[in-house]
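Let's take a walk through this protein together, looking at its open spaces and its packed parts. Have the sequence and the 3D view ready.

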Amino acid sequence: MAAGPSSARWDDTVRYPDPAFEILDPSFAKYRLDAGAVERLWTGARWSEGPVWMADQRCLIWSDIPNDRTLRWQESTGQVDEFQKPAGYPNGHTRDRQGRLLTCEHGGRRVTRLEPDGSLTVIADRFDDKRLNSPNDIVCKSDGSIWFTDPPFGILGNYESDAAPQELPTNVYRVDGRDGRIAIVTGDVGRPNGLAFSPDESLLYVIEAAANPRVIRVFDVVDDGTRLANNRIFIQAQPGERPDGFRVDVDGNLWCGWGMSEAFDGVRIFNKTGKAIGHIHLPERCPNVAFGGRKRNRLFMAASKSLYAAYVNTRGAAGG
């Protein structure tokens, strides 16, 4: 089913390099392509989230949460259709190491896996006999384990799912890739949101949405990759800034969905020391991003109502 044509106007770039790329530190210059630009691929969502690249299908899938659907952009045609509706008010997505789609559902308050035959497997929906809140973002580690955040945003009202009582604290969970057991890896992040591993998986970054302004925390991954230690602040957002979802490139840079004002809307890029080095300005707030394309060098940006993309001079790290 077609998702409807792109109808909103956004001026195309008329010169290169694209002025939407702001260099905050000289080190960012090498990641900006002089002959590349931000492109609006489609518009018509109500609140976009959770992009994931499906390399074997040459498409990007992302969430339109309030409309209870996942959308699919086809690289070969540029067309967008509804991949799934109803979809459980989906938020974050990723693929496991077998290429299967993993989804955080607000509606079902669960994490699911789409099997090759089209059936759904529930990966997690409870902990300690209590319902999860509303799984938000998700990554898959090289050992097959699945890590996800569980803030309450989907059950706080009836816009992104159904209002419901919160039964559990806001934790970050790990699901073992061998036996499927679920465990809390940290309960020390208030309303955890986006998360991502460093390229070598020695660090886990987690956005703390309860902090005002928000912060991005970092943990050491220890005990053969099963536990977190040394919780500390990695990036402190400033008043008016709101990081959301993010992904990491092969050099360890964080490409973070950013907002919430005209000055901040877009993607903020930090190096592996936590220094802001660049910003991609968009006309809408950007909740989340994903690397994709044949060479994983195309940054897809799920903004408020639209899907944007830009080629960059780096590649996304595996597992996002």
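Which residues line the second largest pocket? Before you go looking, keep in mind that this is a predicted model. The pocket's lining brings together Trp47, Glu49, Ile65, Asn91, Asn136, Phe153, Glu160, Asn193, Arg214, Arg242, Asp244 and Arg285. Sort them by class and you get 6 charged residues, along with 3 polar and 3 nonpolar ones. The space they surround has a volume of about 180 Å³.

Now let's pick out Ser63, a residue in strand β4, which covers residues 59-64. Is Ser63 buried or exposed? Its relative accessibility is 0%, so Ser63 counts as buried. Setting aside residues up to four places away in sequence, Ser63 touches Trp47, Glu49 and Asn91, among others, and those three names also turn up in the pocket lining. Further residues that Ser63 touches include Ser48, Gly50, Arg69, Thr70, Pro90 and His93. With Pro90 there is a polar contact to look for: a polar atom of the Ser63 side chain sits 3.3 Å from the backbone oxygen of Pro90.

Two of those partners, Thr70 and His93, lead us on to an enclosed space. Rolling a probe the size of a water molecule over the atoms shows where empty space is left. Searching the whole structure turns up 1 cavity of 30 Å³ or more, and the largest cavity has a volume of about 70 Å³. Besides Thr70 and His93, its lining includes Phe83, Gln84, Ala87, Leu101 and Thr103. Glu105, Thr112, Leu114 and Leu120 are also part of that lining. Strands β6 (80-84), β8 (101-105) and β9 (110-114) supply at least two lining residues each, with the largest share, 3 residues, coming from β8. By class, this lining has 5 nonpolar, 5 polar and 1 charged residues.

From empty space, let's turn to packing. In soluble globular proteins, nonpolar side chains tend to be buried together. Here the largest nonpolar core has 20 residues, and Val38, Trp255, Val267, Ile280, Leu299 and Met301 have the most contacts inside it. At least two residues of this core come from each of β23 (266-270), β24 (276-281), β25 (288-292), β26 (298-302) and β27 (306-311). Apart from this core lies another, of 15 residues, with Tyr205, Ile235, Leu254 and Phe270 among them.

Zoom in on Ile280 to finish. Leaving out neighbours within four places in sequence, Ile280 is in contact with Val38, Trp255, Val267, Leu299 and Met301, among others. Other contacts of Ile280 include Ala20, Phe21, Asp265, Gly266 and Ile269.

Key:
Residues are numbered from 1 along each chain as its sequence is written. This is a predicted model: local features need pLDDT of at least 70, side-chain atom pairs count only at pLDDT 80 or more; totals for chains, interfaces and linings use all residues. Side-chain values use heavy atoms; hydrogens and water are left out. On a 1 Å grid over the protein atoms alone, a cavity is a set of points where a 1.4 Å probe fits but cannot get out, and a pocket is an open set with protein on both sides within 12 Å along at least five of seven lines; lining residues have an atom within 4 Å of a point. Grid points are joined across faces, edges and corners, and a volume is the space filled by probe spheres set on the points. Ala, Val, Leu, Ile, Met, Phe, Trp, Tyr, Cys and Pro count as nonpolar, Asp, Glu, Lys and Arg as charged, and the others, Gly among them, as polar. A nonpolar core is a set of buried Ala, Val, Leu, Ile, Met, Phe, Trp, Tyr and Cys residues joined through side-chain atoms within 4.5 Å. Buried means under 20% relative accessible area, exposed over 50%, partly exposed in between (1.4 Å probe, protein chains only). Helices (H or I, at least four residues) and strands (E, at least two) are DSSP runs, numbered from the N terminus. Contact means heavy atoms within 4.5 Å. A polar contact is a pair of N or O atoms within 3.5 Å; within protein, one must be able to donate a hydrogen and the other to accept it, and residues adjacent in sequence count only if both atoms are side-chain atoms.
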